[in-house]
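Q: Please take a close look at one part of this structure for me. I would like to see how a single charged pair is placed, and what surrounds that picture in the rest of the protein.

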Amino acid sequence: MASPLWKSSLISTEPSGVQNDSVLPSKLSFTKIGDYGIETWDQDDDFDDDVEDLAATSLLNKLIRKSLVESTHNVEVLQRDPNSPLYSVKNFEDLRLQKKLLEGVYAMGFNRPSKIQEKALPMMLADPAHNLIAQSQSGTGKTAAFVLAMLSRVKPEDEYPQCLCLCPTFELALQTGSVIEQMGKFCTEIKVVYAVRGNRPGKGLKIKAHIIIGTPGTMLDWCFKLQLFDISKISVFVLDEADVMIDTQGFSDQSVRIKRALRNDCQMLLFSATFEDSVWQFAERIIPDPNIIKLHKEELTLRNIRQFYDPCEFKEQKYKALSNIYGSITIAQAIIFCQTRKIARWLSQTMAEDGHQVALLSGELEVEQRAAVIQRFRKGNEKVLITTNVCARGIDVEQVSIVINFDLPMTKDGSIDFETYLHRIGRTGRFGKKGLAVNLVERHNYHFVVKIEKHFGVKINLLNTSDMESIEEII
């Protein structure tokens with residue numbers, strides 16, 4: 001018997017024909033690498049970690065931030081009607097949710113709304129409904145917010161699709177579905193179906209599920225080619241990860257085609273982690289007369305971070321300096337940044353052979369594997385995380401007391417990468433604590449240290465790592 005398109009329970013997390021372990025593999029495998037002591041680096045190995053994959057980055061943040069994190073962003077609200085009173089909530093009871101939904105919210109571990117939820121939820125749950133464009137990064141609770149809006153709008157007795165949610169990838173759609181599963185665990189009468197590649201309904205079948213989550217191309221086929229549901233009955237339309245969406249060829253046009261088929265009073269919600277000009281232009285095509293919530297840009301600061309450099313000639317000398325630092329300072333946890341995968345592999349193997357607990361994180365790993373490595377590091381299973389630029393931003397671990405740049409971050413043209421340097425050393429000095437950053441620099445690259453000092457207006461002091469007393473003095 002063919003797999004059903006939906007189940008009688010709230011959700012099926014595996015679309016038809018897709019095995020769960022193909023999406024989230026539980027077993028990690030690492031190949032043992034030999035000595036990578038070669039000083040000549042090929043161009044591909046130098047910079048293939050630096051290519052930003054927006055979808056992978058978004059999924060990584062969703063996977064590692066299972067619970068809500070405190071956001072340091074301030075929220076700016078631009079209302080469609082400036083004369084309308086601006087409502088916000090400090091607890092979920094103020095939203096007057098259905099009892100089953102409120103129980104689901106608390107079961108997820110949400111004790112109080114996040115900053116964006118305080119402002120967005122009253123708008124999304126208002127009657128009549130309001131359209132919304134919101135900027136929000138992963139971990140601030142935006143997925144939970146629009147999921148709550150969809151679940152609140154569904155009328156379970158009406159057995160037809162009432163909410164559409166577009167995501168740019170299959171994996172991101174599954175993650176949104178997992179939030180619906182958790183938040184709606186007590187709403188067993190609400191059903192969800194996935195409009196994704198590989199989930200093909202039978203001919204002539206009409207969808208009865210209340211919420212459809214999917215990618216633009218498949219959703220377009222379901223709407224118009226297969227005519228599996230009546231799009232004119234959709235009351236809530238969510239477009240998530242808009243910045244990733246427009247980064248994928250064809251998705252923006254497909255999303256616009258779906259939007260144009262919706263009725264005029266359909267509530268439209270758009271979310272994006274970034275708001276470049278291209279994202280704004282796309283948002284304006286999708287969302288008419290919106291309220292807007294923007295997050296003030298997080299200001300990474302160097303005030304809490306003391307910076308040092310140590311002149312080193314070869315990677316073996318760098319490793320000796322690293323060993324002296326690690327042996328002299330009481331370190332909670334450390335992140336070591338390398339410019340290439342090759343050096344990262346060599347360093348992780350060398351440290352492991354010397355008895356250190358280390359984790360290796362690079363772009364070679366699948367996103368789910370990267371998330372598992374970061375989770376282990378957060379739990380303290382390993383004290384040292386060796387990584388390339390794949391971990392340069394967005395990963396907050398409170399116990400990180402020192403960041404070491406085994407290599408300074410460089411651009412493809414051989415210049416110092418100031419932005420990546422800021423994000424790298426910003427992994428320490430978090431949560432108001434003091435941080436320490438040490439740069440292991442070849443003597444012929446000392447001029448890059450001078451450029452960093454000038455660019456950020458800071459002093460980077462010389463550290464003699466062969467002198468244990470000098471190292472102890474920096475504590």
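**A charged pair and its setting**

A: Start with K90. In this predicted model, K90 has a relative accessibility of 57%, so K90 counts as exposed. The cut-off for exposed is over 50%.

Now find its partner. The side chain of K90 meets the side chain of E118 in a salt bridge, with N and O 3.2 Å apart. E118 has a relative accessible area of 13%, so E118 is buried. Buried means under 20%. The bridge therefore joins an exposed lysine to a buried glutamate.

Next, look at where the two residues lie. K90 is in the loop between β1 (75-78) and α3 (99-107). E118 is in helix α4 (residues 115-124). The two are 28 residues apart in sequence, so the pair ties together separate parts.

This salt bridge has company. The whole structure holds 12 salt bridges. One of them links K315 and E316, with the closest N and O atoms 3.1 Å apart. K315 is buried, at 5% relative accessibility. E316 is partly exposed, at 44%. Another salt bridge pairs E382 with R376, at 2.6 Å from N to O. E382 is buried, with a relative accessible area of 11%. R376 is partly exposed, at 37%. Elsewhere, K142, D240 and E241 form one network through salt bridges that share partners.

Now turn from charged side chains to nonpolar ones. In soluble globular proteins, nonpolar side chains tend to be buried together. Here the largest nonpolar core has 65 residues. The members that touch the most others are M124, F146, M150, I211, I213 and L269. Helix α5 (residues 142-153) gives this core its largest share, 8 residues. Take I211 as an example. Leaving out residues up to four places away in sequence, I211 touches several residues, including M150, L151, V154 and C163. A second, separate core has 35 residues. Among them are L166, L228, I287 and I292.

Finally, step back to the whole protein. There are 16 helices and 15 strands. Of the 475 residues, 54% are buried. Among contacts with a separation of 6 or more, 79% join residues 24 or more positions apart. The protein exposes about 22600 Å², and carbon and sulfur atoms supply 47% of that area.

Note on methods
Residues are numbered from 1 along each chain as its sequence is written. This is a predicted model: local features need pLDDT of at least 70, side-chain atom pairs count only at pLDDT 80 or more; totals for chains, interfaces and linings use all residues. Side-chain values use heavy atoms; hydrogens and water are left out. A nonpolar core is a set of buried Ala, Val, Leu, Ile, Met, Phe, Trp, Tyr and Cys residues joined through side-chain atoms within 4.5 Å. Buried means under 20% relative accessible area, exposed over 50%, partly exposed in between (1.4 Å probe, protein chains only). Helices (H or I, at least four residues) and strands (E, at least two) are DSSP runs, numbered from the N terminus. Contact means heavy atoms within 4.5 Å. Accessible areas come from the Shrake-Rupley method with a 1.4 Å probe; for residues, only the protein chains shown count as cover. A salt bridge is a side-chain nitrogen of Lys or Arg within 4 Å of a carboxyl oxygen of Asp or Glu.
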